[in-house]
Amino acid sequence: MLHALAKGFFHVAAHSHALKGIASRYGMATPRSFARRFIAGEDIDEALAACRVIQAQGMLVTLDHLGEGVTGLAAAEAATHDCLQLMERIPPSGVDRNISVKLTQLGLDVDRGIVVDNVRRILEAAKRLDFFVRIDMESFAHVQPTLDVFDTIWQQEYRNAGVVLQSALRRSESDLDHLIARRAYVRLVKGAYRESRAVAYSKKADVDRAFARMLRRLLLEGNYPAIATHDPAMIAEAKRVAVDHRVAPDRFEFQMLYGIRRDIQAALVAEGHRLRVYVPYGREWFPYFMRRLGERPANALFVARSLIAER
Ligand SMILES: Cc1cc2nc3c(=O)[nH]c(=O)nc-3n(C[C@H](O)[C@H](O)[C@H](O)COP(=O)(O)OP(=O)(O)OC[C@H]3O[C@@H](n4cnc5c(N)ncnc54)[C@H](O)[C@@H]3O)c2cc1C
């Protein structure tokens, strides 16, 4: 209940221009500013430097150039161009060739044809440069369109891409059937968006139970799944299923977000598991940042304290 309320509150706050103004002014201003806990930097150089530090600890990375919900063709084109440029910058830096993209950043809300074209341009570059491209999952209204785009590119034989399912959504277990049948690469998450009871479980225990069922299916029947959570109970469950069914540690990976539960990240690597850190960067960090506050309201206290100290 508290969980849903917090998500709701920060969802509304994410649309506040006043808050965005304050956050943009102070959030990344100095090396110790509050948003830096979750955002690797505002430009590519800062992000690549952060990735190198993470990789030096034996972890893998996926880079996300933040941005979402673009409403015009020019902005979708600019985001696609930025993504292509990012892909050219990564190989010489020694950072993993793995990026995450959001389809609303590439024009999903503007024109379905354009978004498929933009994704295809990115996947062509990915083929040439040997990248893996993860298509993030967004709010419920975008789930079917995102899966449709993914299906289109999968049918066109692009195999260097994967998608995401959210255990919070009631539909996800049947989406999983379809993706497993296709041998598609799936990242499993709980879901970061505020959704209605009609389409999503409202109790955390139900979201967790669905996550546990889905991770089991992915580990036993999936194709190199990514188990993306910071929840120690879910991580323990994944390890248990893997041990009981002899799923080798190189047949799946754990994933976590930059700056969250670094203790568990290090412990998993020490145990010999693959762990990929999702590294977001860019100037459009406010909506991503607000979702992180919504997941754990105690983060807001940390932000408030930093703001008071900085002013
Ligand atoms: C690699 C990765 C990619 C993701 N991609 C997507 C996506 O494409 N679409 C999508 O909807 N969601 C995505 N998410 C977010 C996900 O849906 C959850 O909102 C988020 O991971 C929190 O859920 P949890 O599984 O960690 O479990 P929870 O039960 O929410 O949290 C478990 C524990 O993790 C810690 N924790 C969790 N969140 C935070 C936080 N913000 N700050 C500090 N501690 C925290 C706390 O210790 C908490 O007790 C992604 C998450 C990861 C790790």
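This text walks through two pockets and one buried asparagine in a predicted model.

Start with the empty space. Rolling a probe the size of a water molecule over the atoms shows where such space is left. The largest pocket has a volume of about 1,200 Å³. Its lining counts 45 residues, and those closest to the centre are Lys7, Lys190, Gly191, Ala192 and Glu295. Several elements build this lining. Helices H1 (2–13), H8 (204–221) and H11 (286–295) each supply at least two residues. So do strands E4 (161–166), E5 (185–189) and E7 (253–257). By class, the lining holds 18 charged, 17 nonpolar and ten polar residues.

Now turn to the second largest pocket. Its space comes to about 630 Å³. Here 25 residues form the lining, with Ala14, His15, Glu68, Pro287 and Arg291 closest to the centre. H1, helix H2 (17–26) and H11 each give at least two residues to this lining. H11 gives the most, with five residues. The classes here are ten polar, eight charged and seven nonpolar residues. H1 and H11 thus appear in the linings of both pockets.

Last comes Asn299, in helix H12 (residues 298–310). Is Asn299 buried or exposed? Asn299 counts as buried because its relative accessibility is 4%, and the cut-off for buried is under 20%. A polar atom of the Asn299 side chain lies 3.2 Å from the backbone oxygen of Arg292. Arg292 also appears among the contacts of Asn299 beyond four places in sequence, together with Arg37, Phe38 and Leu293.

Notes: Residues numbered from 1 in each chain as written. Predicted model: local features only at pLDDT ≥ 70, side-chain atom pairs only at ≥ 80, totals over all residues. Heavy atoms only, no water. 1 Å grid on protein atoms, 1.4 Å probe; cavity = no way out; pocket = protein on both sides within 12 Å on 5 of 7 lines; lining within 4 Å. Points joined across faces, edges and corners; volume = space filled by probe spheres on them. Helix = DSSP H or I, 4+ residues; strand = E, 2+ residues; numbered from the N terminus. Nonpolar A, V, L, I, M, F, W, Y, C, P; charged D, E, K, R; others polar. Buried < 20%, exposed > 50% of the residue type's maximum accessible area, 1.4 Å probe, protein only. Polar contact = N/O pair within 3.5 Å; in protein donor to acceptor, adjacent residues only side chain to side chain. Contact = heavy atoms within 4.5 Å.
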